[in-house]
Amino acid sequence: MDPSRHSEALRAAQMYYLQDLTMDAIARELRTSRSTVSRLLSSARESGLVQIQIRNPLDTGPELEGRIRQRYGVDVHVVPVLETLNDAETLDRVAMQAARTIGPVVDSNAIIGVAWGSTLSAVSRHLTRKITHDSVIVQLNGAGNMHTTGITYASDIMRRFGSAYGARVEQFPVPAFFDHAATKTAMWNERSVQRILELQAKMSIAIFGVGSVDADYPSHVYAGGYLDEMDLNILATSDVVGDVATVFFRGDGSSDGIILNERSTGPALAELRQVRRRICVVSGVSKIKGLRGALAAGLATDLILDEATARRLVDYEGLPAANG
């Protein structure tokens, strides 16, 4: 949206939502047509100038949010989703809500780390435009494997984030996992790689999903040819329950001694915890073990998840479930 259009949309939205003027009255005041006012209001909603919230007194979401917040110390957004929806439909609903929640958090001069994956791919398709200045989207982990460079898949996600916020995009053109830890050590000494690592170290926001070993809707890292049978056996013997940005952890949040992490190109969990705002998006109750591990590791400051998963998380922890 160009600046003049942005200003007109803002003015129309203020008149309509704050002053309760009708579209006809706004059209007369702005000396334009009613249809133009309607388009301006639509632009205001799509660009994030206007955000509409619905408070349902029968909604159990706030109660679940309060219990999860108390247990884990995270800001929580529970997305109400009908249990009749399948995993793909649930993911789409959660992704839509996540995109609308992320928008207000992003501001100018921000460095935003984004992990690739099925969840973030869905989120990226629902992002609405917001004008920012001097912001950067930096890829958190490499995406290549033996079958593909992963560049197209990851770059599409990064491009959508960059386009939504008018931000510069910095890709990370390395494999998801090196074959040898020594290769990673050597690459991490290359100046071109160090430039990306330095950007990651300055992140103000990190946005990621949780990969889960036994999720019904497969995480991309487990279904996209990134791990062979030996790798999967290593994960099983190490009691791994999930990953964030291709860095693995156990149910108690620990990650020490998991040898695949020595070859992973994602940020170490200790480094990720240094980021001020860490937004985790999860969809599907089959990811509950991975989610619990991520929360135990203290990886998230903000959590966006569907209601069924939130309820399972509350029940799993032995907290009193919300009535409903």
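Contact here means heavy atoms within 4.5 Å. Keep that in mind for the close-ups below, which show a predicted model.

**View 1. Glycine 48 sits in a loop and touches two residues from elsewhere in the sequence.**
You'll find glycine 48 in the loop between α3 (34-46) and α4 (61-72). Leaving aside residues up to four places away in sequence, glycine 48 touches Thr128 and Arg129. Is glycine 48 buried, partly exposed or exposed? With 30% relative accessibility, glycine 48 counts as partly exposed. Serine 255 is another matter: 207 residues separate glycine 48 from serine 255 in sequence, and their C-alpha atoms are 38 Å apart in space.

**View 2. Seven strands make up an open sheet.**
Read across the sheet and the order is β1-β10-β9-β5-β2-β3-β4, with parallel pairing. At the edges stand β1 (75-79) and β4 (168-170); each has a single partner strand, so one side of each is left without a neighbour in the sheet. From one strand to the next, the twist averages 15°.

**View 3. Strands β9 and β10 run parallel.**
Here we zoom in on β9 (residues 277-282) and β10 (residues 302-306), which pair over four bridges. To pick out one of the partners, look for valine 282: its bridge partner in β10 is leucine 305.

**View 4. Strand β3 pairs with β2, and a helix lies across both.**
β2 and β3 run parallel and are joined by four bridges. Glycine 113 has valine 138 of β3 as its bridge partner. Which way do the residues of β3 point? Val136 and Val138 point one way, Ile137 and Gln139 point the other way, and all are buried. That fits a general pattern: in a regular strand the side chains alternate between the two faces of the sheet. Now add helix α9 (residues 191-201), which lies across β2 (111-114), β3 (136-139) and β4. Helix α9 runs at about 115° to β3.

**View 5. The largest cavity holds about 180 Å³ of space.**
How many cavities of 30 Å³ or more does the structure hold? There are two. The largest cavity is lined by 19 residues, and the closest to its centre are Trp116, Gly117, Gly209, Gly211 and Asp243. Several elements give two or more residues to this lining: α6 (118-124), β5 (205-209), α10 (220-223) and β7 (240-244). The largest share, three residues, comes from α6. Sorted by kind, the lining of the largest cavity has eight nonpolar residues, nine polar and two charged.

**View 6. Aspartate 239 has a positive phi although it is not a glycine.**
Aspartate 239 belongs to the loop between α11 (229-237) and β7. Its phi is about 60°. Aspartate 239 is exposed, with a relative accessible area of 54%.

**View 7. Threonine 246 also has a positive phi, in a residue other than glycine.**
Follow the chain to the loop between β7 and β8 (247-250) and you'll meet threonine 246. Phi of threonine 246 is near 60°. Is threonine 246 buried or exposed? With a relative accessible area of 2%, threonine 246 is buried, whereas aspartate 239 is exposed.

Notes. Residues numbered from 1 in each chain as written. Predicted model: local features only at pLDDT ≥ 70, side-chain atom pairs only at ≥ 80, totals over all residues. Heavy atoms only, no water. Pairing = 2+ DSSP bridges. Axes fitted to C-alpha atoms, helices over the stretch in contact; angles between N-to-C directions. Buried < 20%, exposed > 50% of the residue type's maximum accessible area, 1.4 Å probe, protein only. 1 Å grid on protein atoms, 1.4 Å probe; cavity = no way out; pocket = protein on both sides within 12 Å on 5 of 7 lines; lining within 4 Å. Points joined across faces, edges and corners; volume = space filled by probe spheres on them. Nonpolar A, V, L, I, M, F, W, Y, C, P; charged D, E, K, R; others polar.
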